[in-house]
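Reader: Please take one helix of this chain and describe it closely, with the cut-offs behind each term. I would like the setting of the whole chain first, and then the part itself.

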Amino acid sequence: MAARPLNVGLIGLGTVGSQVADRMLSWGPQLSRRAGVELCLRKVLVREVSKRRTIEISNDVLTADPADVLDDPAIEVVIEVAGGDEPMRSYIERAIQAGKHVITANKVVMARHGPELLDQAAEKNVDVYFEAAVGGGIPLISTFRTDLQANRIEAVSAVINGTTTNYVLGRMASQGMTMADALREAQEAGYAEADPTDDIGGYDATYKLAILASIAYEIKVRPDDIYREGIEGIEPIDFRYARELGFAIKLIAHTQRHPGRIEARVHPAMVPLDHPLARVEGAENAVFVEGDLVAHVLLVGQGAGGRPTASAVVGDLIDLARSIRRGVQSRPSFSFDDRIGVIPIGEVKTRAYYRVRVADQPGVLAAIGQVFAEEGVSISSFIQKDAWSHDQTAELVVTTHPSLDASLQRARERMARLEPVHAVSSFLRVF
Ligand SMILES: NC(=O)c1ccc[n+]([C@@H]2O[C@H](COP(=O)([O-])OP(=O)(O)OC[C@H]3O[C@@H](n4cnc5c(N)ncnc54)[C@H](OP(=O)(O)O)[C@@H]3O)[C@@H](O)[C@H]2O)c1
């Protein structure tokens with residue numbers, strides 16, 4: 001083993017950071033043996049040094065001054081597990097410019113600025129590892145960077161949202177709860193943030209898909225390039241109808257290769273019950289990768305939580321430490337192609353499910369059928385579900401064959417304007 005230890009600076013000592021520090025402090029000899037070099041936690045940057053911590057850590061190691069980590073020439077690796085865009089983007093850039101390697105769990109920074117930071121790192125001959133930024137403990141980035149590198153990636157489909165969304169959808173499906181009640185329950189149980197917008201609105205999944213698509217295709221995919229819809233509009237009755245039709249409802253992140261362009265979207269979708277993504281529950285995440293050589297690979301595991309995420313962070317550290325000591329980069333660096341864009345959602349082909357509240361009177365089916373025919377959308381099934389005598393309305397469920405998303409949207413708008421249609425209560429894409 002080399003005599004000189006590898007000094008590490010940690011930024012953040014919260015849910016993830018305390019598990020990273022704990023692993024480094026309590027399992028040092030094992031980690032060092034695997035890394036081939038002694039790993040030394042030299043400084044930990046936090047906001048408030050005097051705060052009570054969940055792990056035992058010497059006060060001398062803690063600091064609230066970023067310079068103690070970023071400007072210390074003895075620190076060769078900076079681990080950022082604090083989160084948010086600024087100041088973390090600047091800290092990571094500063095570390096790279098100072099010739100330090102970086103490991104981060106920060107999906108916001110990597111989704112928005114990843115390609116630039118990786119370019120800067122390549123110029124400075126240092127590496128940026130970010131396994132923990134997507135899918136918590138599931139080895140995704142390393143799988144793309146190493147084991148799948150012989151493949152042309154054709155598609156990636158994932159349930160990769162935070163615990164909140166899966167928990168809420170699960171409770172709505174199994175207990176018939178409304179979204180508001182399921183969300184309140186999730187917050188009381190500590191699964192959901194006080195402000196769940198990032199999860200429920202699909203933003204969290206969009207950040208992660210931007211990173212995955214960028215890595216899978218080596219192109220610059222930004223969160224803003226990705227079509228995004230959250231789960232807000234789904235009602236308990238949709239789960240019942242979905243089950244009857246042989247589907248689960250999940251928030252799906254999907255990207256697919258097309259000639260010269262890619263498809264990238266995040267939205268709730270009906271997933272066939274026999275698809276592996278239909279069975280992902282609670283804090284679990286799953287990523288289904290299709291490659292031209294490998295056919296498909298399914299990666300499943302804990303997508304969040306301090307310990308699973310620390311598993312990814314410390315795994316990155318060992319890998320990085322080994323390559324630093326050998327003086328080689330163990331993983332290929334990226335070169336991002338700028339010319340490949342994302343297909344607008346209207347041009348994407350997909351299937352759809354509509355739930356429509358109509359007046360229970362003759363001629364309604366024909367009027368709706370005509371709208372679909374005029375939009376060139378072929379109907380797969382057309383079922384009358386419940387009927388209510390008190391207001392003489394009925395609920396129709398329509399599913400379609402694959403069509404242009406723009407045509408499906410126009411059919412939705414035109415249907416809503418038909419005189420006997422009270423409301424198009426739900427529109428979901430079918431995966
Ligand atoms: N939690 C998860 O399950 C999970 C899973 C995957 C990825 N991640 C990612 O991991 C990162 C950390 O998440 P977390 O849940 O551990 O967050 P957290 O519990 O809120 O902890 C954040 C830590 O960062 C420190 N910090 C925040 N802003 C800082 C600043 N400007 N300067 C110095 N220190 C600062 C805080 O210091 P104080 O302690 O002094 O307040 C705290 O120790 C995020 O990027 C998150 O997206 C988290």
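Author: The radius of gyration is taken here over C-alpha atoms, and the globule rule is 2.2 Å times the number of residues to the power 0.38. For the 431 residues of this chain that rule leads to a value near 22 Å for a compact globule, and the chain, at 24 Å, agrees with it. The model is predicted, so local features need pLDDT of at least 70 and side-chain atom pairs count only at pLDDT 80 or more, whereas totals for chains, interfaces and linings use all residues. Residues are numbered from 1 along each chain as its sequence is written, and side-chain values use heavy atoms, with hydrogens and water left out.

Along the principal axes, the C-alpha atoms fill a box of roughly 85 × 45 × 35 Å. The chain has 14 helices and 18 strands, which are DSSP runs numbered from the N terminus (H or I, at least four residues, for helices; E, at least two, for strands). Buried residues make up 53% of the 431, where buried means under 20% relative accessible area and exposed over 50%, with a 1.4 Å probe and protein chains only. Of the contacts (heavy atoms within 4.5 Å) with a separation of 6 or more, 72% are between residues 24 or more positions apart.

The part to look at closely is helix 13, residues 364–374, whose buried residues are Val364, Ile368, Val371 and Phe372. Seen down the axis of helix 13, these buried residues fall within an arc of 95 degrees, so they line one face of the helix; the arc is that of the directions from the helix axis to the C-beta atoms. An α-helix has 3.6 residues a turn, so residues three or four places apart point the same way. The face of helix 13 turned away from the buried side carries the exposed residues Ala366 and Ala373.

The buried residues of helix 13 pack against strand 14 (349–359), strand 15 (379–388), strand 16 (393–400), helix 14 (405–417) and strand 18 (421–430). Just after helix 13, Gly376 takes a positive phi of about 70 degrees.

For a point of reference elsewhere in the chain, Glu76 and Phe372 are 296 residues apart in sequence and 62 Å apart in space, C-alpha to C-alpha. Glu76 lies in strand 4, residues 75–80, and is buried, with a relative accessible area of 18%. Not counting residues up to four places away in sequence, Glu76 touches Arg4, Leu6, Asn7, Lys100, His101, Ile324 and Arg325.
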